[in-house]
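Please look through the sequence and the model below before reading on. The paragraphs that follow take up one residue and its surroundings, then the core, the DNA and the charged pairs.

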There are 2 protein chains.
Amino acid sequence: MSHGTDIPDGLTFWSFVDYAVERVGRAMPSVDLDAMRLVLTLHRVTSMVVYDLESSVHRPSGWTWPGFRVLFVLWLAGPMEAKTAAELSGMSRAAVSSLVNTLHRDGLVTRERADYDRRAVRIGLTGAGRDAIERGFVAHNRRESAWATALTGEERATLVALLGKLMEGSSAAEAKRRS
Amino acid sequence: MSHGTDIPDGLTFWSFVDYAVERVGRAMPSVDLDAMRLVLTLHRVTSMVVYDLESSVHRPSGWTWPGFRVLFVLWLAGPMEAKTAAELSGMSRAAVSSLVNTLHRDGLVTRERADYDRRAVRIGLTGAGRDAIERGFVAHNRRESAWATALTGEERATLVALLGKLMEGSSAAEAKRRS
DNA sequence: TCCGATTAATCAAAGGTTTGATCATTGCTC
DNA sequence: GAGCAATGATCAAACCTTTGATTAATCGGA
């Protein structure tokens, strides 16, 4: 690392968080360093967990992480309008529309116009889709459980509660949702 | 909601978490419900925070969230090889390569072959890029600070510590990284 | 010094996401 | 009943991400 890069030795994806907070703290006095560390940490940890789940469970199962999210919602809440799937999975209608193209092509979901409203498209799992998501969810849960063992039961509950508190704040209320 | 959708009344993106845990808990006895709730919560909160930051700050600034992440790394750690930017921002080399196409086109980053290793591409901020990221970061921090006010100082520290503990577990050690 | 293994960036193909637009349908007011 | 506003799904364009492949360059052991 001596020639060319000028990056502090040993700086990695994870250690960059401390480095970033320290660098900004030195250069900009009015920055909220706690908030900065919180968002950097939150995003980086989540990103890592999701990449792990997607690469070790979901892609081998034949779908992507976003695909899993839609299948999961349909599995638990049953056939529904596409706009509802979008809401429950936290995606836009356009994203669901595109995703369902793939899932439908792969025989995992059904898609049809509603008879009570000609605008609405209803989607649901096929038999194959249900079988696949059940197996996929078991593998997914096994892996997420492995992640969760890094924390005690009480720590898990605390973490969930704190994240929930973030969702109860005014910023969450102001945050726009996808259309 | 009476015709056709059969979804429990009032189910939303956020309330779906409790619903999902309850549904799976009833149907599959061997599932780790705590882990399930943890990952669902983690991903949904993070997703919401990031979408808010991207739509309210970053896109109006002329770049995307991933673009911001690369600009941020270059800003704090200076010019570097593309592979280093990939590591520090948690992306693959291919993703950085593609992203830098856009940022370079927009005059925010420089890109050149290293003279000490003909394989390596070095990237750095342009003057315009540095000006832009400084303003962008201020707006970003203001917004992330707004999010963080939902928690007390101690809660923030606890949250960061617990997330950090997730990163110290064996699953994180086993998790593959992007190439 | 030579050569096979490794490395770095980019490519291609496939998939996913966003925004605003579009088109058809529905809802609601007058 | 008519007409405008709102709604839902999809489209188009732009951007981003992944994987494996490719090409060129570098490394390291014999």
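Leaving aside its neighbours within four places in sequence, which residues is Val121(B) in contact with? In this predicted model, Val121(B) is in contact with Met80(B), Glu81(B) and Ala82(B), and also with Arg111(B), Glu112(B) and Arg113(B). Val121(B) itself belongs to strand S3 of chain B, which covers residues 121–125. One of these partners, Met80(B), is 41 residues away from Val121(B) in sequence, yet the two C-alpha atoms are 8.3 Å apart in space. Val121(B) is classed as partly exposed because its relative accessible area is 21%, the buried class being reserved for values under 20%.

From here one can turn to the nonpolar interior. In soluble globular proteins, nonpolar side chains tend to be buried together. The largest nonpolar core in this model has 118 residues, and those with the most contacts inside it are Phe16 and Phe72 of chain A together with Phe16 and Phe72 of chain B. Taking Phe72(B) as an example, and not counting residues up to four places away in sequence, one finds that it touches Phe16(A), Ala20(A), Met36(A) and Leu40(A) from chain A, as well as Ile133(B) and Phe137(B) from chain B.

The next topic is DNA strand D, which is surrounded by 26 residues, the closest being Lys83(A), Ser97(A), Arg105(B), Arg118(B) and Arg178(B). By class, this surface has 12 charged, nine nonpolar and five polar residues, and its largest share, six residues, comes from H5(B). Of the strand D atoms within 4 Å of the protein, 81% belong to sugar or phosphate, while the rest belong to bases. Phosphate oxygens of DNA strand D lie 2.9 Å from a polar side-chain atom of Thr64(B), 3.3 Å from a polar side-chain atom of Tyr51(A), and 3.4 Å from a polar backbone atom of Ala82(A).

Finally, there are the charged pairs. Side chains of opposite charge can pair when their charged atoms come close. The count comes to 20 salt bridges over all chains, including one between Asp106(B) and Arg105(B) with an N to O distance of 2.9 Å. In that pair Arg105(B) counts as exposed because its relative accessibility is 62%, whereas Asp106(B), at 36%, is partly exposed. Salt bridges that share partners also join Asp52(A), Arg143(A) and Glu174(B) into one network. In a further salt bridge, Glu54(B) and Arg59(B) meet at 3.4 Å, N to O; here Glu54(B) is buried, with a relative accessible area of 13%, and Arg59(B) is partly exposed, with 42%.

Note on methods: Residues numbered from 1 in each chain as written. Chains lettered and ligands numbered in written order. Predicted model: local features only at pLDDT ≥ 70, side-chain atom pairs only at ≥ 80, totals over all residues. Heavy atoms only, no water. Core = buried A, V, L, I, M, F, W, Y, C linked by side-chain atoms within 4.5 Å. Buried < 20%, exposed > 50% of the residue type's maximum accessible area, 1.4 Å probe, protein only. Contact = heavy atoms within 4.5 Å. Near = heavy atom within 4 Å. Polar contact = N/O pair within 3.5 Å; in protein donor to acceptor, adjacent residues only side chain to side chain. Helix = DSSP H or I, 4+ residues; strand = E, 2+ residues; numbered from the N terminus. Nonpolar A, V, L, I, M, F, W, Y, C, P; charged D, E, K, R; others polar. Salt bridge = Lys/Arg side-chain N within 4 Å of Asp/Glu carboxyl O.
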